[in-house]
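Have a look at the structure below and keep it open while you read. We'll go through it piece by piece, in plain words.

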Amino acid sequence: MEKSNLNADTIRINSVKFHWSNKNDFKINVPEFNVARGEKVLLLGESGSGKTTLLSLICGFLKPISGDIFLNDEIINNLSAREKDQYRCDNIGIIFQQFNLLPYAKVIDNILLPLYFSKTRVQNIKDQKGTAANLCKSLRLPDEVLNMQASKLSVGQQQRVAVARALIGNPPLIIADEPTSALDKSAQSIFLDLMFSQISESHSTLLMVSHDESLSQRFDRVINLDDILKEGD
Amino acid sequence: MLLKLTFASLYARLLTVSMTVFAISLSLMLYLSVEKLRTSAYTSFTDTISQTDLILGSRTSSIQLLLYSVFRVGNATNNITWESYEEIMNKDEVEWSVPISLGDSHKGFRVMGTNLDFFKRYKYRGGQSIKISEGNYFDDLYDVVLGAAVAEKLKYNIGKSIIVSHGIKSFTDHDDQPFKVSGILEKTGTPVDNTVIVSLEAIEAIHVDWSSGAKIPGQETPIEEIRKMDLSAKNITAAFIGVKSKLTIFKLQRWINEYPEEALTSILPGVALHELWRIIGIVENLLLGISIVVIFTTLIGMSAIIFSSLNERRREMAIWRAMGASPNVIIGILMLEAFIISFLSTLVSSIFLYILLNILQPWIDNTYGILINIELLSFKDLLIFILFIISAMLVSLIPAIRAYWFSINDGMTIKI
């Protein structure tokens, strides 16, 4: 892993160890892992390999036992819980496998939700509704979905709304946890095309997790989770 | 935003939420109506007799005197001689007085001898007067005026001839001197409804041939002769007294209680009514207790409903968290929900209550003589609502704290 310029890294992990207090058999140990700014990285790993745990650590949901996690050169594992929540909503757009949206809320409200918690992201846009509408347009969502209830949309549409929500206010990092697993092949490809073009436009860094190697060619870098994890402590 | 989304979330669960609101409203309504009935019963009870300053009787306890003179329950231990009554009646402090004479009955209803002043002076429910609904007050010696309940239960009409029995439960009738119904009173919701009212003279008349509570054998004075006799009362059972100035009540009361010629008691009806209510008021506390338990149960129920929805909403919580909501926001959302549900319930229950009261009020008034005032929510009701909403939010803290832990531990891993 080359890193000529420290400031160019969005994610930097140094000797991070974590294990669940109630499950002694599961441990993860990441000696070093970096993602450069603007890089699109695919993290490959089978389910149960610790992908989600690693993402939870990066997002600040979990606190490592030892080691440091830097996001944009800020050490986040020492932040208080409240600061972590704030940091997360200011800097990270998250896309889950599925069921990303509050089913009862309108699409527009789902997209604008991160702005409710992040002043930083609000500052990045002038017209909230206009931006949301443009994002939807770019993601080829029909105009009328904005005022529809999220649960009325197809799964593919919901995932695209999730992308719009992750991107609104231009957070520097997008984390996607198997966002295509609920989609069929053709929908996957359309979805990824749209997501990639939007992420490129906003110059965000993408860290995506998947078990599907066929997606590899789209990414700047593909990493096997096993390669960055070290067994034992 | 939070409020808007919480409403949207509740709206998405419209059926469950409205069932919850309905259940809570019903129990709140139950509480409010019990409370309403309780206060109304108290007011109706303490308003059984009003504007009477003192009740006079022979030496006895205040509650006993109240029971037999006003509620026609139990018996007087002694009578008052007319001479003593007259002396009290003529005191300067006394503005008016109504003597009553008790002891006989008709088919289980008490017969009360009094004079026409009774209808003028006896007031209930804060100054309402007795009104006649049919016929006239007694005019002839053998006229009788019936309380509304007596006429209704015995199906008596004006002109009906009735026989008065001696004593409260006896088989001896004053059958030689039949009475005629001259009037029927309007319903009052007081013991007057259950009373058969005759003149004091009539009481004397039916006891002409009696001595020490027994009929003198062989003696039977014809009615024509009785009518010519001097029938002015020699004894009375009790008397209602009104004073000229309220300031003199206690002075007069002390004077009566220390009356040297005869052992007498006088009581302040309001005080005695209150004392009596304290004894029978245990029932009201029981009712209140039950309705508080009902409210408590509903609160637990509401908490359980929020609780059971938590598992299916775990994903929703994870989304909130991923968007940057702190666990406190999760608690806030659930408490906001509890607030909305309980606030809606208070509104719905007030509507229910007033519909219910409007339907039941005439029936309760007629059947139990309890007048329920239908009014806007009192300050006390509002206080109860506020307390209810606060406790609803406190109870919802239980599921909220659980959601808090869920949201902290779930992180990115979302259980479906």
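Lys17(A) stands opposite Ser66(A), a residue of β4(A). That pair belongs to a longer match: β1 (residues 9-19) of chain A and β4 (residues 66-71) of chain A run antiparallel and are joined by five bridges. Keep in mind that this is a predicted model.

Now zoom out a little. β1(A) and β4(A) sit in an open sheet of four strands, ordered β2-β1-β4-β5 in chain A, with antiparallel pairing. At the edges are β2 (27-36) and β5 (74-75) of chain A, and each of these pairs on one side only. The sheet has a helix for company: α1 (residues 51-58) of chain A lies across β1, β2 and β4 of chain A. Its direction makes an angle of about 120 degrees with β1(A).

Chain B has strand pairs as well, and β3 (residues 94-106) of chain B takes part in two of them. Here they are next to each other:

| Strand paired with β3(B) | Sense | Bridges | One facing pair |
|---|---|---|---|
| β15(B), residues 238-243 | antiparallel | six bridges | Ile100(B) and Ala238(B) |
| β4(B), residues 109-114 | antiparallel | five bridges | Asp104(B) and Val111(B) |

β3(B) and β4(B) form a hairpin with two residues between the strands. In this hairpin, Lys107(B) takes a positive phi near 45 degrees.

Positive phi turns up elsewhere too. Asn170(A) isn't a glycine, yet its phi is positive, at about 50 degrees. You'll find Asn170(A) in the loop between α6 and β7 (173-177) of chain A. Is Asn170(A) buried or partly exposed? Asn170(A) has 16 C-beta neighbours inside 10 Å, so it counts as partly exposed. In chain B, look at Gln51(B), another residue other than glycine with a positive phi, this one near 65 degrees. Gln51(B) is placed in the loop between α2 (14-46) and β1 (54-58) of chain B. With 15 other C-beta atoms within 10 Å, Gln51(B) is partly exposed.

Next, a part of chain A that is well covered. Why is helix α3 (residues 107-117) of chain A described as largely enclosed by the rest of the structure? Because 10 of its 11 residues are buried. Among the buried ones are Val107(A), Ile108(A), Asp109(A) and Phe117(A). What does the covering? In chain A, the cover includes α2 (81-91), α4 (119-123), α5 (128-138) and α6 (155-167). Chain B joins in with α1 (2-12).

Leu146(A) is tied to this region. This residue is in the loop between α5 and α6 of chain A, and it touches Val107(A) and Ile108(A), along with Ala132(A), Ala133(A) and Cys136(A), leaving aside residues up to four places away in sequence. Leu146(A) counts as buried because it has 20 C-beta neighbours inside 10 Å. Gly45(A), on the other hand, is 35 Å away from Leu146(A), C-alpha to C-alpha, and 101 residues apart in sequence.

So much for one chain at a time; how do the two chains meet? On the chain B side, 18 residues are in contact with 26 residues of chain A. The elements giving two or more residues to that side of chain B are α1 and α12 (314-322). α1(B) has the largest share, with five residues. By class, the chain B side has 11 nonpolar, five polar and two charged residues.

Staying with chain B, take a look at two packed helices. α13 (residues 327-368) and α15 (residues 397-410) of chain B pack at an angle of about 150 degrees, and their axes are 9 Å apart. Their crossing is right-handed. Where they meet, α13(B) brings residues including Pro327(B), Ile330(B) and Met335(B), while α15(B) brings residues including Ala403(B), Tyr404(B) and Ser407(B). This contact has 10 nonpolar residues, one polar and no charged ones.

Last stop: the domains of chain B. Domain 1 covers 2-45 + 281-410, and domain 2 covers 54-267. Taken over C-alpha atoms, the centres of these two domains of chain B are separated by 52 Å. Where the domains touch, six residues of domain 1 are in contact with five residues of domain 2. The domain 1 side of that contact has two nonpolar, three polar and one charged residues.

Note on methods:
Residues are numbered from 1 along each chain as its sequence is written. Chains are lettered from A and ligands numbered from 1 in the order in which they are written. This is a predicted model: local features need pLDDT of at least 70, side-chain atom pairs count only at pLDDT 80 or more; totals for chains, interfaces and linings use all residues. Domain bounds come from an automatic or database domain assignment. Two residues are in contact if their C-beta atoms, placed from the backbone, lie within 7 Å. Ala, Val, Leu, Ile, Met, Phe, Trp, Tyr, Cys and Pro count as nonpolar, Asp, Glu, Lys and Arg as charged, and the others, Gly among them, as polar. A residue is buried if 20 or more other C-beta atoms lie within 10 Å of its own, exposed if 12 or fewer, and partly exposed in between; C-beta atoms are placed from the backbone. Axes are lines fitted to C-alpha atoms, for helices over the stretch in contact, and angles run from 0 to 180 degrees between N-to-C directions. A crossing is left-handed if the near helix is turned anticlockwise from the far one by less than a right angle, and right-handed if clockwise. Two strands pair if DSSP finds at least two bridges between them.
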